[in-house]
Amino acid sequence: MADNFTQPNYLTQLGSTYMANIDAAVAVLARLAGWFNPHEQTAGSPSPDLTVVIDAGSVWDGTTFANKGAQTVTGFTAPASGTRIDRVCINTTTGDALRVAGTAVAGSPSATPPAIPSGHMPCCQIAIVSTDTAITNAMITDERA
């Protein structure tokens with residue numbers, strides 16, 4: 001069941017009405033805010049590691065919604081030297097996350113992210129240097145529209 005969005009306004013709404021409208025507004029906005037949210041691995045050993053977690057989300061294929069649960073994106077490695085920017089993209093039909101590897105270059109900030117494959121939308125970029133052993137939230141640049 002969906003909640004109605006009512007813009008909270010402390011000037012015109014009092015006490016419990018104002019608080020209820022804050023809760024309802026957050027409930028409506030939470031689905032969009034959390035949609036394919038990228039972040040570091042927070043469970044397991046070691047935590048974080050060289051994976052990125054993508055929270056659940058939905059895509060519209062023109063006919064139906066494809067609901068995709070949370071995904072763990074693997075395959076990240078530290079470059080032998082320099083800096084590399086990898087990208088995670090979301091398939092616009094299935095909601096599947098895809099890691100696209102960048103090319104390592106010496107000297108930052110000259111690394112550039114790889115292209116977004118056809119049929120995908122950007123989710124995030126991950127800047128990885130040769131000494132990295134884990135991906136943290138500070139390394140992730142959110143690209144969701």
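Over the face of which residue does Arg99 lie, and at what distance from the ring centre? The exercises below take up this residue and its surroundings.

The model is predicted, so local features are considered only at pLDDT of at least 70 and side-chain atom pairs only at pLDDT 80 or more, while totals for chains, interfaces and linings use all residues. Residues are numbered from 1 along each chain as its sequence is written, and side-chain values rest on heavy atoms, with hydrogens and water left out.

**Exercise 1. Describe the placement of Arg99 relative to a ring and to its charged partner.**

Solution. Start with the ring: Arg99 lies over the face of Phe76, at 5.3 Å from the ring centre, where a charge sits over a ring if NZ of Lys or CZ of Arg is within 6 Å of the ring centre and within 35 degrees of the ring normal. Next, turn to the charge: Arg99 forms a salt bridge with Asp86, and their closest N and O atoms are 3.1 Å apart; the term requires a side-chain nitrogen of Lys or Arg within 4 Å of a carboxyl oxygen of Asp or Glu. Because Asp86 lies in strand β6 and Arg99 in strand β7, the pair ties together parts that are 13 residues apart in sequence. Strands here are DSSP runs (E, at least two residues), numbered from the N terminus. Finally, compare accessibility: Asp86 is buried at a relative accessible area of 0%, whereas Arg99 is partly exposed at 25%, given that buried means under 20% relative accessible area, exposed over 50% and partly exposed in between (1.4 Å probe, protein chains only).

**Exercise 2. Place strands β6 and β7 in their sheet.**

Solution. The sheet is open and has 4 strands in the order β7-β6-β8-β9, with antiparallel pairing; two strands pair if DSSP finds at least two bridges between them. Its edge strands, each pairing on one side only, are β7 (97-100) and β9 (140-142). On average, neighbouring strands of this sheet are turned by 25° against each other, direction ignored, with axes taken as lines fitted to C-alpha atoms and angles running from 0 to 180 degrees between N-to-C directions. Strand β6 (residues 83-91) is joined to β7 by 4 bridges, and within this pairing Val88 stands opposite Arg99 in β7.

**Exercise 3. Which further salt bridges link separate parts of the chain, and how accessible are their residues?**

Solution. The count of salt bridges comes to 5. One of them joins the side chains of Lys68 and Asp96 (2.4 Å, N to O); Lys68 belongs to strand β4 (residues 65-68) and Asp96 to the loop between β6 and β7, 28 residues apart. Lys68 is partly exposed at 26%, and Asp96 is likewise partly exposed, at 31%. Another joins Arg87 and Glu143 at 2.7 Å, N to O; since Arg87 lies in strand β6 and Glu143 in the segment after β9, this pair ties together parts that are 56 residues apart in sequence. Both Arg87 and Glu143 are buried. To complete the picture, salt bridges that share partners join Arg84, Asp86 and Arg99 into one network.

**Exercise 4. Characterise the surroundings of Val52.**

Solution. Val52 is found in strand β2 (residues 52-54) and is buried, with a relative accessible area of 0%. Leaving aside residues up to four places away in sequence, Val52 touches several residues, among them Phe76, Cys124, Ile126 and Ile140, contact meaning heavy atoms within 4.5 Å. Gln71 is also touched by Val52; the two are 19 residues apart in sequence and 8.4 Å apart in space, C-alpha to C-alpha.
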